[in-house]
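Student: I would like to learn how to read helix packing and burial in a model such as this one. Could we go through it together?

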Amino acid sequence: MKGFLRQIAQKFYSEYGEGNHLSEFLFVFPNRRPGLFFKKYLSELATKPMFSPQILTINELFQQFTSLKQEDNIALLFRLFESYKRVVNSNEEFDKFVSWGQMLLNDFNDIDNYYVDAQKLFQNIVEEQELLSKFDYLDENSDEFQIIKRFWSNIPSEKDRKLYTQNFITIWGKLLDLYEDFKKSLLSDGVAYGGMLCRDAIENLKNKKVEISYTNVVFVGFNALNGTEKEMFQIFRQHGIADFYWDNCSEIFFDKDSLNSGMRFLHENIQQFPSKFSLENKDQAKERFEVMSLPSSVAQTKQVYKIIKDLYSKECDKSSLIKTAIVLPDEKLLLPQLYSLPKSILEKKDSGENVCVNVTMGYPLSIAPINSLVEYLFELHRNARLHDNVIQFYFKNVLMILRHPYVYSSEVEDLINIISKEKKFWIEHSFFGQTELLKEIFSVVEESNFLDYLSRVICSLQSVWVGEENDLEKAFAYCYITILNRVKAQIEKAQVCFSMPTLYLILKQLVKSEKFPFEGEPLSGLQIMGVLETRSLDFENVIITSLNEDIFPKKQSVDSSIPYAFRKAFGLPTYEHQDSLQSYYFYRLIASAKRVFLLYDSRTDISDHGEMSRFIYQLCYHYKLIEIGKEKKMSYSVSSKNEDSIEIKKDEEVIDKLKSITFSATALNEYLHCPLKFYFSKVVGIKDSNELSEEIENDVFGSIVHSTLEGLYKKFCEQTIEEKDIEGILQNELEIESCLNKAFAKEYLNKNEDEKIELKGRFRLIAEIIKTYVRMALNFDKKNVPFKYLDSEKEVKVNFSTNKQEVGFYGKIDRLHQKDGKKIVVDYKTGSSKEMKFDNVDSLFERPRTKKDLDAIFQTFFYSLLLRLNGENGTLQPNVYYIRSLSKDDCSPLISCGSSDVEEFSAVEEEFVANLKELIDEIFDKEKPFTQADRNSDVCKYCECKKICGREKDKDGF
């Protein structure tokens, strides 16, 4: 069966083509693309040279009957603001007006487009009875009257109703004056917005200010007509020169089905504007539909690759590609889809012309990388501060820009590392002098020159983009600069200055509606289209992606100052109008296709509900064209076929790296928990990202506490400390503050401890918490005086030998002091207190160790062993100071083994050494690979390697 446009071309050619009378016809289409295809079909039918009929879009036809020119949207917003200030007599700033000014523009455009009597719509409403009485032109039994009545009856109490109506009157009382003043202002300069232009054309035709020069006008492929279009159709019909053709050529979807919302406008149009010639109905074959469920958006593009691959082999005639359309309701999938087409489709012909793909849809500039960079630039300068007469930028804004794909480079990575290492939370603009681009981005900018600044940055980007691979980025940049120039021109014309937030709102509004057009040959190649671009066109193969509810049909609400009930009563478009349009686009598109592939995203997370579109349900249950439950569920398994844990074998290279490692207590604890984690961190060298954050990690917090205590006790080294000494420290607030600042500078800010710093804001709060911890430790020590302070943060390096291997051990002991003839090995802990108890030494070496509680015990014993191996022959007592618990009366830093305390390390030393030797031999044993932690272990929860080994997905159940 022939498609809609092809049938019309054939009808008119057979009737008028032979006598060369087609040149006397004007064909009018909703948009430009159907006209191109219509002309193509005529050329295929022509057997001899002929003059082409004239082809126009409906907007071009309206333009022929008015002298008004359509004004730029930015200029319209400024003009409306000027009218608003005159009418309302308000000093309101543009910043507040811009957010709802666009809504008013849309409402005024709808009023004119739908040929609504503005005076009746905007009349003053005092109360509900007056409202109803003023609509005397409405029949009390009419739908419009009942709708308005229901609107007011929904307001529950009489008091609320009066208050609401009073507010309504206040707002709407000015809108008619604003509407008229705005139009008067535009008319004085011969410009208009779209609806105003169309209305003026109709008024000119009705008042015979313009003449119709056409003898035969054919309107093709329209559906939901607005008021001015209806008026235009009636005027041309009254002149006896009009013919109309509606794409309802599907008996099952439109002709007989009164329940299909897509036919809402068609029946009325067909009755009011009938066609001269009849067209064939489209065939409805049941087996031509395939529904596919896929687990992600990108997976759909990969499935399209397979479908195209099956439809078109390498040997196929590529001229047939034009018979296939890929329809993307979700515009964000355009680039992923272009990158997911078969190479055999994309490769160039022998002539060198690449006509195998034609993109008819625009790519939203709002999701292009250039737009995100501009948004980051606004945030950068909006959050900048003046400190000591120097502009400083906030680190989060800086890092977002430096990591943007348009800015990032190896040189920039070095800057990121410096910022993270040196904890630069506020960065002076002079820090960025490495490249011209960075100088431009982080320059000092006045608000009045911000648009020029954005243009300079984008131009700097274009200067560093070389080669064809950056053509798309250059095009995005050019498109954005065009918008900036339009805004700048209007600001200069209006002679106003706007704040940065206002500029941001204006740009955001403009970019939201801007689409980057792709170049291509519309009459050849595989067609990649948006939904709107499919109007009036027919294809043999149709592939529709993202066929999910809220995407297609798209959930749309009308942002309007006109209440829903009044829009409904006066025939203005509502969300039902949009639903009907989308339904029509869907069903007319699939009606003539031989094969239809319907793809939807089956994910069920928060943002993507996994609900397939109502259109699929309708095809299943209402039209019975798809068998229920027969959709193809395409899944991609990402789990390992082997359910066993990952294993890494030890070859000679691994053994050599192990020999170069100096083992610490942390490394050995890591191995006991998860040998694979030990391999990643100590053998491969994978480290946690050095991400700068104003939050202080637990280990850094602990280090600051240790370092502060070390500074306070340093002067007592090799001295006996009495109660009065500790009391003196507690009363010396300046000394505590000084040691704390030095600790902050050294442990967190990576600065010289003597460098002067000032702790403010969040850091001040953290500093106060640390002071509390320090005082708790000092008060605990005061209870246990006298003791001799020996050392703190003591570094010890020793060699350790087994029967098979010799390795290096290293540790930094938090504190050493002597009491009652024993040397106390202290390990500070600032986290949640844990019970310092273990069953036996063997339990410390249990593999895999699932409990974190034993880490501190193992670490303190390890430190004691280091001292012993370093020549310490005296009595060693391992202690763990959980600082949060030190204020408790029953607090004891001793470690318990079973029912007794470990008073001396020698009690467990022999067993500990034996187990440690066995552990070291196991680490070097080639026959024992590095394996994963137990699947049910908690050690994976906060492990930075869980993404690498696949354990992260376990929490989601797949």
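Tutor: We begin with the whole protein, then turn to a pair of helices and to two single residues. This is a predicted model, in which local features need pLDDT of at least 70 and side-chain atom pairs count only at pLDDT 80 or more, while totals for chains, interfaces and linings use all residues. Residues are numbered from 1 along each chain as its sequence is written, and side-chain values use heavy atoms, with hydrogens and water left out.

Student: How many helices and strands does the protein have, and what percentage of its residues is buried?

Tutor: The protein has 37 helices and 29 strands, these being DSSP runs numbered from the N terminus (helices H or I, at least four residues; strands E, at least two). Of its 958 residues, 51% are buried, where buried means under 20% relative accessible area, exposed over 50% and partly exposed in between, with a 1.4 Å probe and protein chains only. Taking a contact as heavy atoms within 4.5 Å, residues 24 or more positions apart account for 76% of the protein's contacts with a separation of 6 or more.

Student: How should the packing of α22 and α23 be described?

Tutor: Two packed helices are described by the angle between their axes and the distance between the axes. Here the axes of α22 (residues 471-494) and α23 (residues 500-512) come within 11 Å and cross at roughly 130 degrees; the axes are lines fitted to C-alpha atoms over the stretch in contact, and angles run from 0 to 180 degrees between N-to-C directions. That makes α22 oblique to α23, since angles under 35 degrees count as roughly parallel, over 145 as roughly antiparallel, 65 to 115 as roughly perpendicular and the rest as oblique.

Student: Which residues make the contact of α22 with α23?

Tutor: Helix α22 contributes Tyr480, Ile483, Leu484, Arg486, Val487 and Ile491, and α23 contributes Leu503, Ile506, Leu507, Leu510 and Val511.

Student: Is isoleucine 481 buried or exposed, and what does it touch?

Tutor: Isoleucine 481, which lies in helix α22, is buried, with a relative accessible area of 14%. Not counting residues up to four places away in sequence, isoleucine 481 touches Ser455, Ile458, Cys459 and Gln462. Its C-alpha is 9.9 Å from that of aspartate 452, although the two are 29 residues apart in sequence.

Student: Where is histidine 673 placed?

Tutor: Histidine 673 is in helix α28 (residues 665-673) and is buried, with a relative accessible area of 5%. Leaving aside neighbours within four places in sequence, histidine 673 is in contact with residues including Pro848, Asp855 and Val939.
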